[in-house]
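Let's walk through this protein together, starting with the whole chain and ending at a single residue. Take a moment to turn the model around before reading on.

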Amino acid sequence: VVVLCILMGAAVISLNLGGDQRGMQAYGQRMAQRIELARDRAIQNNQEWGLRVTREKYLFVAFDELQRQWIPQSQPPFKPDEAPQPVLYELRVQDGAGNELNTGLFAQAKDDDSQTAVETDSQELPDVVFFSSGEASQFALEVTPQNGTQDSVQGFRLVTDGFSPMALEGLDDFSRGGG
């Protein structure tokens, strides 16, 4: 009976860990869909859209020609949903050759701690831009569980070259040579 209880406990724990990973994967898929939807909206409305990213959150913005500023878009479907567990975001915007950008038309100013200064202030620029022409900034957005001690749940990476649709990669795929 004791052995059976131990085996049942191990099975329940392994099922729960698989559920956490599936939840993280589903969150990544929903996030990729939102980004593609913002890209489509930019084309349909002939309006530049953007994505602001901090360590703890992300936000979609649209450029208002009349007000000449970026306006936060928090209505569904652009309102970010809740991650299955606390996560951290790390964004890398690149030029066409794959080099990281810290300058340029839409580059963010860095503060003394080298963290991207992004808040909901409408005067700040987005980190990533989705142009009305269909192009987008080339970027990789890495999402990892906040408590990095859990090796059972892996984060994910969203990647685009600026022309292709978003690709969702597992972090373990990338570390084995996938990127």
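A residue is called buried when its relative accessible area is under 20%, exposed when it is over 50%, and partly exposed in between, using a 1.4 Å probe and protein chains only. By that rule, buried residues make up 34% of the 179 residues in the protein chain. What you see is a predicted model, in which local features need pLDDT of at least 70 and side-chain atom pairs count only at pLDDT 80 or more, while totals for chains, interfaces and linings use all residues. Residues are numbered from 1 along each chain as its sequence is written, and side-chain values use heavy atoms, with hydrogens and water left out.

Now for the outline. The protein chain has two helices and eight strands; here helices (H or I, at least four residues) and strands (E, at least two) are DSSP runs, numbered from the N terminus. Along the sequence they follow the pattern α-β-β-β-β-β-β-β-β-α. A contact means heavy atoms within 4.5 Å. Among contacts between residues at least 6 apart in sequence, 60% join residues at least 24 apart. On the outside, the protein chain exposes about 10,400 Å², with carbon and sulfur atoms supplying 53% of it; these areas come from the Shrake-Rupley method with a 1.4 Å probe, and for residues only the protein chains shown count as cover.

Next, look at the strands. Two strands pair if DSSP finds at least two bridges between them. One open sheet of four strands has the order β3-β2-β1-β5, with antiparallel pairing. Its edge strands are β3 (69-73) and β5, each of which pairs on one side only. On average, neighbouring strands of this sheet are turned by 30° against each other, direction ignored; the angles, which run from 0 to 180 degrees, are taken between N-to-C directions of axes, lines fitted to C-alpha atoms, for helices over the stretch in contact.

Within this sheet, five bridges join β2 to β3, which run antiparallel, and F63 stands opposite W70 in β3. These two strands form a hairpin with four residues between them, and R68 in the turn has a positive phi of about 55°. On another side of the sheet, β1 and β5 pair in the antiparallel sense over three bridges. There, G50 has V129 in β5 as its bridge partner.

What fills the inside? In soluble globular proteins, nonpolar side chains tend to be buried together. A nonpolar core is a set of buried Ala, Val, Leu, Ile, Met, Phe, Trp, Tyr and Cys residues joined through side-chain atoms within 4.5 Å. The largest one here has 28 residues, and those with the most contacts inside it are M31, F60, Y89 and F130. Two or more residues each come from α1 (2-45), β1 (49-53), β2 (58-64), β4, β5 (128-130), β6 and β7. Helix α1 gives the largest share, seven residues. A second, separate core of five residues includes V61, F63, W70 and V129.

Let's move to another sheet. This open sheet of four strands has the order β4-β6-β7-β8, again with antiparallel pairing. The edge strands are β4 (87-94) and β8 (167-170), each pairing on one side only. Here, neighbouring strands are turned by 20° against each other on average, direction ignored.

Strand β7 is mostly covered, as four of its five residues are buried. Five bridges join β6 (residues 138-145) to β7, and the two run antiparallel. β7 and β8 pair in the antiparallel sense over four bridges, one bridge partner pair being L158 and L168 in β8. The hairpin of β7 and β8 has six residues between the strands, and G162 takes a positive phi near 100°.

Finally, which residue of β7 is the bridge partner of F139? That partner is T160, which lies in β7 (residues 156-160). T160 counts as buried because its relative accessible area is 4%. Its side chain reaches the backbone oxygen of S164 at 2.7 Å. Leaving aside neighbours within four places in sequence, T160 is in contact with R39, S137, Q138, F139, P165 and M166.

Definitions and conventions: Polar contact = N/O pair within 3.5 Å; in protein donor to acceptor, adjacent residues only side chain to side chain.
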